[in-house]
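I opened the notebook today to look up charge pairs, cysteines and surface charge in this structure. The entries follow in the order in which I checked them.

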Amino acid sequence: MITYSFLQQYWWFLISLLAGLLVFLLFVQGGQSLIYVLGPSEERRRLLIHSLGRKWELTFTTLVTFGGAFFAAFPLFYSTSFGGAYWLWMLLLLSFVVQAVSYEFQSKLGNVLGSRGYRMLLLLNGFFAPFLLGVTVATFFHGAAFTVSKDNFADLAQPVVSAWASPYHGLEALVNPWNLMLGFGVFFLVRVLGSLYFMNNIEDQVLESRCSVKLVGDFVLFLLFFLTFFVHLLLTEGFVVGNDGVVGTERYKYLHNFLALPWVAAVFLLGVVGMLYGSVHTILSKSYRKGIWPAGAGTVLTVLALMLTAGYHSTPYYPSTADAQSSLTIANSSSSFFTLKVMSIVSLLIPFVVAYIAYCWHAMDRESLTLNELKGERSSD
Amino acid sequence: MNLYIDTSLVDWSRAQFALTAMYHWLFVPLTLGLGVIMGIMETIYFVKKDDFWKRVTQFWMKLFAVNFAVGVATGLILEFEFGTNWSNYSWIVGDIFGAPLAIEGIVAFFMESTFIAVMYFGWNKVSRSFHLASTWLTTLGATISAWWILVANAWMQHPVGMEFNPETVRHEMTSFLSVAFSPTAVVKFVHTVSSGWMTGAIFVIGVSCWYLVRGRSLRFAKASLAVGTAFGLLSCAFVMLSGDFSGVSVAKTQPMKLASFEGLYDGSEHAPFTVAGPIKIPNMLTLLATHKFTAFVPGINDLINGGYPLPDGTTALSAEEKMERGRQAVANFSAFREALREGLTAEAAMARGELQELMPYFGYGKIQDKAELVPPVPLLFWSFRVMVGLGGFFVLLILALLYLQLKDQILRFPLLLKVAFWTIPLVYVCSQAGWICAEVGRQPWAIQDLLPVSAAVSSLQSSSVKLTFFLFLAIFTLLLIAEIRIMCRVVKKGPEESEN
């Protein structure tokens, strides 16, 4: 029986899955942050940019779809968070705006900023996109300062339902050290994924050896930041919705969530194992170059599980530190039953979309990218 | 009471959205139009197996790529601005409005972004037929994307398929099909997409004529011109036909917008169409707006003062009466919320019933002065004339070029070729004017009759929005300059290398 509650849970699952895919696909940003670190010469930097230039749109599209799906399924989050944490989102979006043109423009004559200018923009996006997304996702656990009052709509002077309680409009999230832990954790994670992607996608001895060295440092830093965030998460006080609908706090809330939802814990562990296997096996083996796949799948599963634990089991996924009763839950912030039904039918198209994307990239990536291929393309350009 | 919601915040939020939308619309029409033209060219290559057509296709693809990137960049901001700057809007109508945006992502954007990569990087990696399919699927993705965003925009012009739920304080969707296939959406889609085709056609025509004037790449230029003009003629037919239907639709659902287009203050049963100044065509407006020889077309004063006969036989209310009913609806809404809080079921049910009756006027309860209900008439009057006038000019230009091509006389009219080249900026002016008509004409409403822009904004300091406005202005302008410079370089370099 398809109930309203089931569809709300289903859509939270899809949003969580999209978040997982988005973080995985941020390997593009991770790779961008490594262009100058890995590329010793201009031609190798071009090779790196070329390799990423074929994939950036997938990441970008996933971000747009993530936003659209959140809007359609949980519009109160969309209105409250985007309209409130204005500067956090604006900085994030701006970093993607400049990315969107940089791949195409950086190699063209007459591009105003010069090749180096656009590559700097890629570097900026390479850092800010994963870092700010990590910080934003951390607010799903640590809360944000907002109030929601639907009665305001009758007010002529101040009809706005959602209001932000901090004058910094989102930037205040950057002073919470635990938010920063996840921000840096995601940043180093996507750098690990970026190196793993290059090693899989490009056939070049020089780049390969530099990637494998860089991988170790990024992997250690990722573990450091992520584990600190995660251990704190398990031990911290979380928000909970009582049976009477009143939002309160609960010690070890997220640990309790993992224990109460063993399948989510299993997904999380599986994800972590995949991530570790992909990275460690690549670091230790001289010939293993497929680490991006287990590490990527592991990333998707880990983020999926974290997001599920943020929203399932009577947990408000967007707790308000300004007014606990304004906290957003998947029940109080979702679209109507009718809209969720319509959107659920649309969601049946997702496997088809994934299938054609996989088919196309299977056809395109059958052979790894080489310097020779790049030279061939340039001469016909 | 929060002092944030002031007119400055509303104005800057509108300015920022207008800026983003107008910049976005500089790039999207070319994507839509050039996409189809590239598809046609590659199809010719596929059928004829002549490498010349492959090189022609690849040249236009280079320009397509430069333009596409900026379209993507500006589009991202546009989507998220509904949330960042129009937070109340996002909640009040998110139940209906969010769905088309999500569907756009799932159905259209992935199609576009996947197949565009195959289109650019796949020439030597996939089969000819797979490549051709990818080119068409990229364009199809862009067009489907236009469909869904225009469904959303059409719903703002003529909201259908929903009802207001005072418990959740939002409009909720009751019929997806009414939203997705409303006649307003269909007309808007055809008019907008075909205007994008026209932009693509004029662009290809203009650039080809530039080569012809200089006597460069003649085979390439003539072939491109032939495709451009043929496709341009088809586009014009769609633009004109849908423009006509659009007029009838606006007359029915947004009479104030129509009256403002025409600067018509006092309506009549035989309303004339004003060409400019004192030049009027008798009865023409009635005919265009209603497709009848005799029918009352209300002017701005009629719409404000009411009292004129409506098509259903009733008499129109005045703005004051609508505002009074609106205030009553808002009072009923407050009464319902209070009764709900206190658990008074009978009172809540009564207030809800009364609210439902007055719901069509709810938005008017948020209008403080009836003068707000009149959009800026001179801007609309002249934008409309610029749009229609330039549209007519494009038709004549394309017909002339087609005729001369058929007679093989095209190189004997260099002045016409130069005019065709300088028409490229005009096609952008034309389509921007079209959007000014559509969006400014809807003011003061974010959603026609339901939600004024003043009740749709986010609660921000206007200084924040001012800052992001100038930030976007600087970035988008830089991107535009870069795009134009890159395109000019590509065009100047020309397809000669490919032709040899």
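These are my notes on a predicted model, beginning with the salt bridges.

**Salt bridges.** I looked up the salt bridges over all chains, and the count came to 16. One of them pairs A:Asp151 with B:Arg341, with the closest N and O atoms 2.3 Å apart. I noted that this pair joins two chains, because A:Asp151 lies in the loop between strand 1 (146-148) and strand 2 (162-164) of chain A, while B:Arg341 lies in helix 11 (residues 319-341) of chain B. A:Asp151 is partly exposed, at 28% relative accessible area, whereas B:Arg341 counts as exposed, at 54%.

I then turned to B:Glu167, which forms a salt bridge with B:Arg352 at 2.8 Å between the closest N and O atoms. The two residues are 185 apart along the chain, B:Glu167 being in the loop between strand 1 and strand 2 of chain B and B:Arg352 in helix 12 (residues 345-358). I recorded both as partly exposed, B:Glu167 at 42% and B:Arg352 at 24%.

Next I checked B:Glu262 and B:Arg385, whose side chains meet in a salt bridge of 3.0 Å, N to O. This pair also links distant parts of the chain, with B:Glu262 in helix 8 (residues 255-262) and B:Arg385 in helix 13 (residues 377-406), 123 residues apart. Are these two partners buried or exposed? B:Glu262 is buried, at 5% relative accessibility, and B:Arg385 is buried as well, at 10%. In chain A, I found that salt bridges sharing partners join A:Glu42, A:Arg45 and A:Arg119 into one network.

**Cysteines.** I searched the whole structure for disulfides and found zero over all chains. For B:Cys236 the nearest cysteine sulfur is that of B:Cys430, 9.7 Å away, and B:Cys236 itself is buried, at 2% relative accessible area. The sulfur of B:Cys437 has its closest cysteine sulfur in B:Cys430 too, at 9.5 Å, which is too far for a bond because a disulfide needs the two sulfur atoms within 2.5 Å. B:Cys437 is likewise buried, at 3%.

**A buried loop residue.** I looked up B:Val169, in the loop between strand 1 (162-165) and strand 2 (170-173) of chain B, and it counts as buried, at 0% relative accessibility. Its C-alpha atom is 9.6 Å from that of B:Val93, 76 residues apart along the chain.

**Surface charge.** Last, I noted a patch of positive charge on the surface, where B:Arg214, B:Lys418, B:Arg485, B:Arg489 and B:Lys492 gather. Helix 15 (residues 462-493) of chain B gives the largest share, three residues. B:Lys492 lies in this helix and is exposed, at 55%.

Notes:
Residues numbered from 1 in each chain as written. Chains lettered and ligands numbered in written order. Predicted model: local features only at pLDDT ≥ 70, side-chain atom pairs only at ≥ 80, totals over all residues. Heavy atoms only, no water. Patch = residues over 30% accessible without salt bridge, like charges linked within 9 Å, V, L, I, M, F, W, Y side chains within 5 Å. Areas by Shrake-Rupley, 256 points an atom, 1.4 Å probe, with all protein chains shown as cover. Salt bridge = Lys/Arg side-chain N within 4 Å of Asp/Glu carboxyl O. Lys, Arg positive; Asp, Glu negative; His and termini not counted. Charge placed at Lys NZ, Arg CZ, Asp CG, Glu CD. Helix = DSSP H or I, 4+ residues; strand = E, 2+ residues; numbered from the N terminus. Buried < 20%, exposed > 50% of the residue type's maximum accessible area, 1.4 Å probe, protein only.
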